Amino acid sequence: MTFARLAGPTRAARVTLTVDGERLVARDGDTVASALLGAGRQAIRRSAVSGEPRAPYCQMGVCFECLVEIDGVADRQACLVPVRNGMVVTTGRGQG
Ligand code: FES
């Protein structure tokens, strides 16, 4: 499944964060997970058991497939955290 933003104008302000050392521009109001998916980043961590790539699934804090490090704090649920300017996100370090 591929995610893409809906076409059309938006008045949402731009928010700049750093993801795995690269600059990512998101929209104010995005969650970290929606910003990553909207930027084409789908697999954001690997399963600790199988090593398989995992992607955000439920988008509402239930599945824990979206765990990332945010501003040095590990295992944050990306689908529950809104983006903000200067945020630093590291993918691939979630547990589970
Ligand atoms: S996508 Fe399911 S908990 Fe975040």
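Here is a quick tour of a predicted protein model, from its overall build down to one hairpin and one loop residue.

## The whole protein

Let's start with the parts list: the protein has one helix and seven strands. Walking along from the N terminus, you meet them in the order β-β-α-β-β-β-β-β.

How big is it overall? Along the principal axes, the C-alpha atoms fit a box of roughly 40 × 30 × 20 Å. The radius of gyration is 13 Å, which agrees with the value near 12 Å that a compact globule of 96 residues would have. As for the inside, 27% of the 96 residues count as buried. If you take the contacts with a separation of 6 or more, 43% of them link residues 24 or more positions apart.

## A hairpin: E5 and E6

Now zoom in on strand E5 (67–70) and strand E6 (residues 73–77). These two run antiparallel and are joined by three bridges. Together they make a hairpin, with two residues between the strands. Asp 71 sits in that turn and has a positive phi of about 50°. Across the pair, Ile 70 of E5 stands opposite Val 73 in E6.

## Ala 55 in its loop

Just before E5 comes a loop that starts after strand E4 (53–54), and Ala 55 is part of it. Is Ala 55 buried or exposed? It's partly exposed, because 16 other C-beta atoms lie within 10 Å, and being buried would take 20 or more.

Which residues does Ala 55 touch, leaving out those up to four places away in sequence? They are Gln 42, Ala 43, Ile 44 and Glu 65. Take Ile 44: it is 11 residues from Ala 55 in sequence, yet their C-alpha atoms are 5.6 Å apart in space.

Technical notes
Residues are numbered from 1 along each chain as its sequence is written. This is a predicted model: local features need pLDDT of at least 70, side-chain atom pairs count only at pLDDT 80 or more; totals for chains, interfaces and linings use all residues. Helices (H or I, at least four residues) and strands (E, at least two) are DSSP runs, numbered from the N terminus. A residue is buried if 20 or more other C-beta atoms lie within 10 Å of its own, exposed if 12 or fewer, and partly exposed in between; C-beta atoms are placed from the backbone. Two residues are in contact if their C-beta atoms, placed from the backbone, lie within 7 Å. Two strands pair if DSSP finds at least two bridges between them. The radius of gyration is taken over C-alpha atoms; the globule rule is 2.2 Å times the number of residues to the power 0.38.
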